[in-house]
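Please look through the points below with the model open. They cover the cores, one sheet and the helices around it.

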Amino acid sequence: MSEARTPTRKPGTEGPLTGVRVVELAGIGPGPFAAMLLADLGADVVRVDRPGGPGLGIDPARDVTNRNKRSVVVDLKAPDGPARVLDLAERADVLIEGYRPGVAERLGVGPGDCHARNPALVYGRMTGWGQDGPLARRAGHDIGYIALTGTLGMIGAPDEPPAVPANLLGDYAGGSLYLVVGVLAALHHARASGTGQVVDAAIVDGTAHLSTMIHGMLAAGGWQDRRGANLLDGGCPFYGTYETADGRYMAVGALEPQFYAEFMRLLGVPDPVPARDDTARWPELRAAVAARFKSRTREEWTAVFADSDACTAPVLSLREAPHHPHLAARSTFTDHGGITQPAPAPRFSATPTAVRTGPALPGADAESVARDWDLPREPGPPPASRPDPAVHTPQ
């Protein structure tokens, strides 16, 4: 891995969103990640932190979801708190918040308040349940959102409880990425029309949308509505994971016939081998494949399948992944400030991105933000106040 650096580029270019100003009202989970992605792409993201910090979180100096951002501290419950945020919103292109429905309005920084100052503002709202519906005002977390969409129930072995995919599927795939897509689409519209709008990004909506292809397969009779029984959910013996002799794992994705043939040749399963399309004998084929994988270590099998089209790869840990030769060659991970972290993605030929700065420390950038955004007053840290449960409750 190479030390993160700013590639050679024309003056003033720091990614395709250079010149875009974003206000992020501090929260946890998908909102900060969405703002990080915009910052990685070059936007000037100012995070409005609360006195005392969020209810959940890690050491701010190591929270890399706040990289490439700047931070000010504003107490929205102080008399001048809302005005400070509205001063930022007036000069911004985008605002992102992750409060429960109605909280931003009650605090005086809702869409109506912001659009009165800046009609072209894109107001991005990140929640789990959405801005309306019976559960809209209820607390929740990733696991509950993906449970209701049917996606959690798809993951895992048929005779075991559903497997929890960290918070990647709901918070980040169904939440952050859909918020970013919505914000960028609304920004395109605002620049063409001069009119901003509200983007209602709900994790339940985005996660359900991710399963569109599966719903099509279900309607066509090509997917069973139970886990561990289908082509892509681990039910297929040539699309899944297998334990090796040293207790590690290999991942197999040899779906197409030519890749399957290569996989079986290199794996060396002794004859007779059940036909791959005979689903009734899939358990027998799985057992034969599993027995072969248990005969060698993960590293031995990695060497066997190297430089082949068998679509088989070692299952690496978070600490192992940055050292894989392919990821190292592409600088998929980078080191910045002593922290190994994923590099910005995707990549751009004309406006390359980079990790420009480490995590923004709460309130550390009040002076530079006031100067660069030409604020009428410095948004410095006000006196601390009692946390508001409605604000601190997760999306």
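1. Contact here means heavy atoms within 4.5 Å. Axes are lines fitted to C-alpha atoms, for helices over the stretch in contact, and angles run from 0 to 180 degrees between N-to-C directions. Helices (H or I, at least four residues) and strands (E, at least two) are DSSP runs, numbered from the N terminus.

2. The model is predicted: local features need pLDDT of at least 70, side-chain atom pairs count only at pLDDT 80 or more, and totals for chains, interfaces and linings use all residues. Residues are numbered from 1 along each chain as its sequence is written, and side-chain values use heavy atoms, with hydrogens and water left out.

3. Strands 7, 8 and 9 make an open sheet in the order 7-8-9, with antiparallel pairing; two strands pair if DSSP finds at least two bridges between them. Strand 7 (239-243) and strand 9 (312-314) are the edges, each pairing on one side only. On average, neighbouring strands are turned by 20° against each other, direction ignored. Strand 8 (residues 249-253) pairs with strand 9 over three bridges, and Met250 has Pro314 of strand 9 as its bridge partner.

4. Two helices lie across this sheet. Helix 11 (residues 298-305) lies across strand 8 and strand 9, at about 30° to strand 8. Helix 10 (residues 282-293) lies across strand 7, strand 8 and strand 9, at about 45° to strand 7.

5. Helix 10 also meets helix 9 (residues 257-267): their axes come within 11 Å and cross at roughly 50°. Helix 9 is therefore oblique to helix 10 (under 35 degrees counts as roughly parallel, over 145 as roughly antiparallel, 65 to 115 as roughly perpendicular, the rest as oblique). Tyr260, Phe263, Met264 and Leu267 of helix 9 make the contact with Leu285, Val289, Arg292 and Phe293 of helix 10.

6. The largest nonpolar core has 28 residues; Val22, Leu38 and Val45 are among those with the most contacts inside it. Such a core is a set of buried Ala, Val, Leu, Ile, Met, Phe, Trp, Tyr and Cys residues joined through side-chain atoms within 4.5 Å. Helix 6 gives the largest share, six residues. A second, separate core of 26 residues includes Val74, Leu76, Ala104 and Leu375.

7. Helix 2 (residues 81-90) is largely enclosed by the rest of the structure, because eight of its ten residues are buried (under 20% relative accessible area, with exposed over 50% and partly exposed in between; 1.4 Å probe, protein chains only). Arg84 and Asp87 are among the buried residues.
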